[in-house]
Amino acid sequence: QVQLVESGGGLVQPGGSLRVSCVASGIIFMINDMGWYRQAPGKQRELVAFISPGGRTNYADSVQGRCTISRDNAKNTTYLPIDNLKPADTAAYSCYADGSHSPSGASRYWGQGTQVPVSS
């Protein structure tokens with residue numbers, strides 16, 4: 001199976017920057033898109049950004065211009081730096097990977113999430 005582990009969360013002051021990372025490991029046959037969702041307390045989960053193996057990206061309007069998702073295909077890792085953080089960015093950030101551990105079938109795998117509180 002494929003496991004995802006996030007890192008890099010933590011308390012950030014408004015206006016600050018943060019980079020969360022996610023590495024996929026385990027039995028990996030193929031990984032397609034990798035991306036990030038976030039969920040703030042009492043709010044719906046929001047797709048923040050995703051990136052294809054070829055580097056095609058997509059961003060939520062809420063982070064457009066403040067975020068540049070990237071990935072290292074050789075390391076099965078994706079990075080999500082966010083600049084000019086706002087209290088509204090406070091959420092649990094979870095990464096996902098669309099892929100498979102065998103030649104047949106595909107699944108969406110999830111990390112356990114990392115908390116990003118933005119507060120002074």
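Biologist: Let's start with Asp89: is it buried or exposed, and what is its relative accessible area?
Modeller: Keep in mind that this is a predicted model. Buried means under 20% relative accessible area. Asp89 falls below that cut-off, so it counts as buried, with a value of 2%.

Biologist: Which side chain meets Asp89 in a salt bridge from the loop between β5 and β6?
Modeller: The salt bridge has an N to O distance of 2.9 Å. It links distant parts of the chain: Asp89 sits in the loop between β7 and β8, and its partner is 23 residues apart from it, in the loop between β5 (57-59) and β6 (70-72). That partner is buried too, because its relative accessible area is 10%. It's Arg66.

Biologist: Asp89 also pairs with Arg38, so how many residues apart are those two?
Modeller: Their side chains meet in a salt bridge at 2.9 Å, N to O. Arg38 belongs to strand β3 (residues 30-39), while Asp89 lies in the loop between β7 (77-82) and β8 (91-100). That puts them in distant parts of the chain, and the separation is 51 residues.

Biologist: Arg38 has a salt bridge with Glu46 as well, so which of the two is buried and which is partly exposed?
Modeller: The two side chains meet at 2.7 Å, N to O. The buried cut-off is under 20%. Glu46 has 26% relative accessibility, so it counts as partly exposed. With just 6%, the buried one is Arg38.

Biologist: And which residues end up in one network through shared salt-bridge partners?
Modeller: Follow the pairs: Arg66 meets Asp89, Asp89 meets Arg38, and Arg38 meets Glu46. Asp89 is buried at 2% relative accessible area. Sharing partners like this gives one network of Arg38, Glu46, Arg66 and Asp89.

Biologist: Moving to the largest nonpolar core, which elements give two or more residues to it?
Modeller: This core has 29 residues, and among those touching the most other members are Leu4, Trp36 and Tyr93. The elements giving two or more residues are β1 (2-7), β2 (18-26), β3, β4 (46-51), β7 and β8.

Biologist: In β2, what is the bridge partner of Leu4?
Modeller: β1 and β2 run antiparallel, joined by 6 bridges. Leu4's partner in β2 is Ala24.

Biologist: What about Arg19: which residue is its bridge partner in β7?
Modeller: β2 pairs with β7 in the antiparallel sense, over 6 bridges. For Arg19, the partner in β7 is Pro81.

Conventions: Residues are numbered from 1 along each chain as its sequence is written. This is a predicted model: local features need pLDDT of at least 70, side-chain atom pairs count only at pLDDT 80 or more; totals for chains, interfaces and linings use all residues. Side-chain values use heavy atoms; hydrogens and water are left out. A salt bridge is a side-chain nitrogen of Lys or Arg within 4 Å of a carboxyl oxygen of Asp or Glu. Buried means under 20% relative accessible area, exposed over 50%, partly exposed in between (1.4 Å probe, protein chains only). Helices (H or I, at least four residues) and strands (E, at least two) are DSSP runs, numbered from the N terminus. A nonpolar core is a set of buried Ala, Val, Leu, Ile, Met, Phe, Trp, Tyr and Cys residues joined through side-chain atoms within 4.5 Å. Two strands pair if DSSP finds at least two bridges between them.
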